[in-house]
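Colleague: Walk me through this model, please. Start with the strands, then move on to the ligand.

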Amino acid sequence: MAQHISAGHASGAASGEGAYALLMKAGDGATPPGLFSRKGTAMTRFQGDILLIGASRGLGLAMAEAFVRRGWHVTGTVRGNRRTALHDLQDRQGEAVEIAELDITRIEDITALHDKLAGRRFDMLFVNAGTTNANPEETIGAISTEEFIRVLVTNALSPMRVVERLDHLVAPDGLIGVMSSGQGSVANNLKGGREVYRGSKAALNQYMRSYAAREAASGRTLRLVAPGWIRTDLGGPDAPFTIEETVPKIVEMLIGERGKPGLRYLDRDGRDVPW
Ligand SMILES: NC(=O)c1ccc[n+]([C@@H]2O[C@H](COP(=O)([O-])OP(=O)(O)OC[C@H]3O[C@@H](n4cnc5c(N)ncnc54)[C@H](OP(=O)(O)O)[C@@H]3O)[C@@H](O)[C@H]2O)c1
């Protein structure tokens, strides 16, 4: 059976060793640092391999496309078995795109994905999936308990469950990222608004800080991303930025952050956002 080989950012190809030599080494079973081989797919070399959670539409779909454009292999997740725009991308890009199912709020889905991907090694895990409450301007005292739970479970609890349960699939020098929001910043909250969503992303940031402290010895790169206010289903039509002018920067920033261990909360230009 042929092999799929993914070259990480620190691969020998970048340091002058030819891709062919690396393929041969990997094929021999002596996988050099930054490369891995996987049974069952065609012998292809990619610049990296990302597991992208929540890639059916919006920023996640655009990130999948941008990573593929940069030569990466993307394993993107969608909810349920309905056809999505990620399937259209797969039709166009072939083996560069692989699709798996995951509703991040379902523990059984996370377990099934974990089992499906056992033995794989990713250069990056990025949890993009997120939601907001139906009426974003509802105050914290006015929201129903049910809706509060839905938003907090989706935006704060579930991304951390995904990170905790799938982190060992990420290379030791790989990057684990989660899509936060500028609205998750406690320090910058001077105007209020979008109270429930803000709180969910602030909680996510706090949980990620706890994870980073607990996993400090791992040496992995951990990033929370504040992408900016962007026109998507979630961002709405009044957002000042388009997907086209923001997502390439987010992807470029993430690729450039690899190899820098520890947690940072960054905007799409790689600038620190106050916690
Ligand atoms: N757009 C902005 O202005 C903005 C700003 C700051 C942060 N963000 C963050 O960026 C991320 C993406 O937002 P977006 O603007 O692209 O939103 P979007 O267009 O509404 O897309 C949301 C994505 O998350 C997925 N998702 C939602 N709940 C899920 C669940 N339980 N399990 C698995 N996937 C789930 C959706 O999948 P389905 O297709 O199955 O629903 C979809 O792929 C979110 O975390 C959001 O909070 C966005």
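Colleague: How many bridges join strand 9 to strand 10?
Modeller: This is a predicted model. Strand 9 covers residues 221–226 and runs parallel to strand 10. Within this part, arginine 223 faces arginine 264 of strand 10. The bridges joining strand 9 to strand 10 number 6.

Colleague: Which helix packs on the sheet and touches strand 7, strand 8, strand 9 and strand 10?
Modeller: Its direction makes about 160 degrees with that of strand 9. The helix spans residues 243–257. That is helix 7.

Colleague: Which strands are the edge strands?
Modeller: The sheet is open, has 7 strands and pairs them in parallel. Their order is 6-5-4-7-8-9-10. An edge strand pairs on one side only. That gives strand 6 (97–101) and strand 10 (262–267).

Colleague: What does the twist average from one strand to the next?
Modeller: Take the sheet in its order, 6-5-4-7-8-9-10. From one strand to the next, the twist averages 20 degrees.

Colleague: What angle does the direction of helix 5 make with that of strand 7?
Modeller: Helix 5, residues 145–166, packs on the sheet. It touches strand 4 (48–53), strand 7 (122–127) and strand 8 (170–179). With strand 7 its direction makes about 160 degrees.

Colleague: Which element gives the largest share of the shell around the ligand?
Modeller: The ligand has 26 residues around it. Gly58, Gly130, Thr232, Leu234 and Gly235 come nearest. The shell divides into 10 nonpolar, 12 polar and 4 charged residues. The largest share, 3 residues, comes from helix 2 (residues 58–69).

Technical notes. Residues numbered from 1 in each chain as written. Predicted model: local features only at pLDDT ≥ 70, side-chain atom pairs only at ≥ 80, totals over all residues. Near = placed C-beta within 6 Å. Helix = DSSP H or I, 4+ residues; strand = E, 2+ residues; numbered from the N terminus. Nonpolar A, V, L, I, M, F, W, Y, C, P; charged D, E, K, R; others polar. Pairing = 2+ DSSP bridges. Axes fitted to C-alpha atoms, helices over the stretch in contact; angles between N-to-C directions. Contact = placed C-beta atoms within 7 Å.
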